[in-house]
Amino acid sequence: MNVCIVGTGYVGLVSAACFAEMGNDICCVDVNPKVVETLRAGRIHIFEPGLEDLVKRNTEQGRLHFTTDLAEGISTAQVVFVAVGTPCGEDGSCDLQYVEAVAREVGQCMTSPKIVVDKSTVPVGTADRVRAIIAEELAKRNEDISFDVVSNPEFLKEGDAVNDFMKPDRVIVGTENEETATVLKTLYAPFARSREKLIVMGVRSAEMTKYAANCMLATKISFINEVANICERVGANVTEVRAGIGSDSRIGYSFIYPGVGYGGSCFPKDVKALIGTAKEYGYEAKLIQSVDDVNNVQKGVLAEKIKAYFEPQGGVAGRTLAMWGIAFKANTDDIREASAVRIIRELTSLGMKIRAFDPVANERAREEVGDIEGLEIMDSQEAVLEGADALAVVTDWNQFRNPDFGKIKEQLKAPIVFDGRNLYDPAAMGEAGFAYFSIGRQP
Ligand code: NAD
Ligand code: UGA
């Protein structure tokens, strides 16, 4: 099938490479010429395990093309996916300017029938809006070309995106049109192999499903973080409690790891957007608002522990903190809404110096937050420790899980570890002579 994918970020590029891998002819369009240049050279501009090989192979075999020209990209395509960003607007609502710009351009340059697919995460009603924009542009050109607009939200997660796309738990297709559904079923058949995996529903239900899924997952995280905070105060251990509740199959073990709050380009903005949509329709989403509130507090919990520890010794000003991890989670270079950035901003504003290291996000962090006064981003996990007053572990990268604590003790000024991801055993840390603080467990 001839497919065009507009936007080559985490979602667009992964979708494009995976569709191409199944034998489809894919043309990717991105407004950023640098990105297109990199991709044409068989390299990728984001860190995503397994993706570069897939892009390179399919580009070399002629199934994957890249352009900045939308008219060229959609010319032969039967299906056009819109996978551009939908960031959080200033008032917390979803900023649809990129989606609307693509819709307008599609309406301005399409010359044959198209199925336009909203893959970006967009509020309920956006498919109608996209349909209206395309129709408006066609009317301006006095063109009567048939098209349909479908919602097909994406559920992949960064760091495991290729695997998630290749083996999805489900594929949601929101359309009332049977012919359109058949085209998407054909395109997704190699991925959603069992019939129940492809769920066709109304457009608005599909748009809502994406927000409901992300808000449910965010709710699980805020719930366990709240439980962790209570555990600390009542003398319980959240790791034991997690095992105790997760064994109930109705609850399950996943997405109940306590930590430094959820970050990333999706949960924070999608939670806020659903609150906003509900409000627009006259409903106050109290539970989802609390999920957001709890997360805002949780993102500051590690900094609070660090401040409380140093308070009796004159505070954090003039001290140096070694930080392991900047990315919002392991296996990604994405630092959007990362808790590390919030912690860095808060502690440096109090005069603390931070030496941070991330296995893959250093470059992006230098670009985006490298100008924060008091922050030094270093390329060695060991070098950040040298002479620092304490170590804070903020991202759950595997390479942080089993370090040489003897060496760490020698390098730090004093053996103090603040662990925002519960990577270490409190008893073992105590025995090794560390002052050790984690989330929801006794020091
Ligand atoms: P991203 O920021 O990584 O990439 C978006 C790309 O779109 C950029 O390369 C940008 O240059 C390009 N772009 C912007 N305007 C354009 C235009 N007019 N024409 C062509 N290209 C244009 O975004 P992302 O993380 O891939 O997210 C895309 C959407 O998918 C968002 O709505 C997001 O909420 C949703 N989503 C993201 C994930 C994820 O894990 N990142 C998962 C599921 C859904
Ligand atoms: C999330 C969802 O998992 C995807 O299904 C969805 O498609 C995507 O958002 C999206 O809509 O963009 P992602 O943001 O890549 O994917 O990462 P997650 O693995 O979900 O982690 C999000 C945040 O929650 C991270 O900061 C992570 O550290 C945190 N988290 C996750 C916890 O604190 N505890 C957990 O148990 C799980």
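In what follows, Ala, Val, Leu, Ile, Met, Phe, Trp, Tyr, Cys and Pro count as nonpolar, Asp, Glu, Lys and Arg as charged, and the others, Gly among them, as polar. With these classes, the shell of 27 residues that surrounds ligand 1 in this predicted model divides into 13 nonpolar, ten polar and four charged residues. The closest residues of the shell are Gly7, Gly9, Thr86, Ser120 and Thr121, and the elements that give two or more residues to it are α1 (10-21) and α5 (97-109).

Two of the residues closest to ligand 1, Thr86 and Thr121, are also covered by the "binding site" annotation in the unreviewed UniProt entry, which includes Asp30, Glu158, Lys269 and Arg336 as well. Thr121 is placed in the loop between β5 (114-118) and α6 (126-140). Because 25 other C-beta atoms lie within 10 Å of its own, Thr121 is buried, the cut-off for this class being 20 or more. When residues up to four places away in sequence are not counted, Thr121 touches Thr86, Pro153, Lys210, Cys266 and Asp270; among these, Thr86 is itself covered by the annotation.

Arg336, another residue that the UniProt record lists under "binding site", is found in the loop between β9 (320-324) and α14 (339-349). Arg336 is likewise buried, since there are 20 other C-beta atoms within 10 Å and the class begins at 20. Apart from neighbours within four places in sequence, the contacts of Arg336 are with Gly264, Ser265 and Phe328.

At the level of the whole chain, the domain assignment gives domain 1 (2-201), domain 2 (211-297) and domain 3 (300-437). The C-alpha centres of domain 1 and domain 3 are 38 Å apart, and contacts between these two domains involve six residues of domain 1 and seven residues of domain 3. On the side of domain 1 that touches domain 3, three residues are nonpolar, one is polar and two are charged.

A further arginine, Arg401, lies in the loop between β12 (390-393) and α16 (405-411). In contrast to the buried Arg336, Arg401 is exposed, because 12 other C-beta atoms lie within 10 Å and a residue with 12 or fewer is assigned to that class. Arg401 is separated from Arg421 by 20 residues in sequence, while the distance between their C-alpha atoms is 9.9 Å.

Technical notes:
Residues are numbered from 1 along each chain as its sequence is written. Chains are lettered from A and ligands numbered from 1 in the order in which they are written. This is a predicted model: local features need pLDDT of at least 70, side-chain atom pairs count only at pLDDT 80 or more; totals for chains, interfaces and linings use all residues. Domain bounds come from an automatic or database domain assignment. Helices (H or I, at least four residues) and strands (E, at least two) are DSSP runs, numbered from the N terminus. UniProt positions are given in the numbering used here, feature names are shortened, and annotations may be inferred rather than shown by experiment. A residue is near a molecule or strand if its C-beta atom, placed from the backbone, lies within 6 Å of it.
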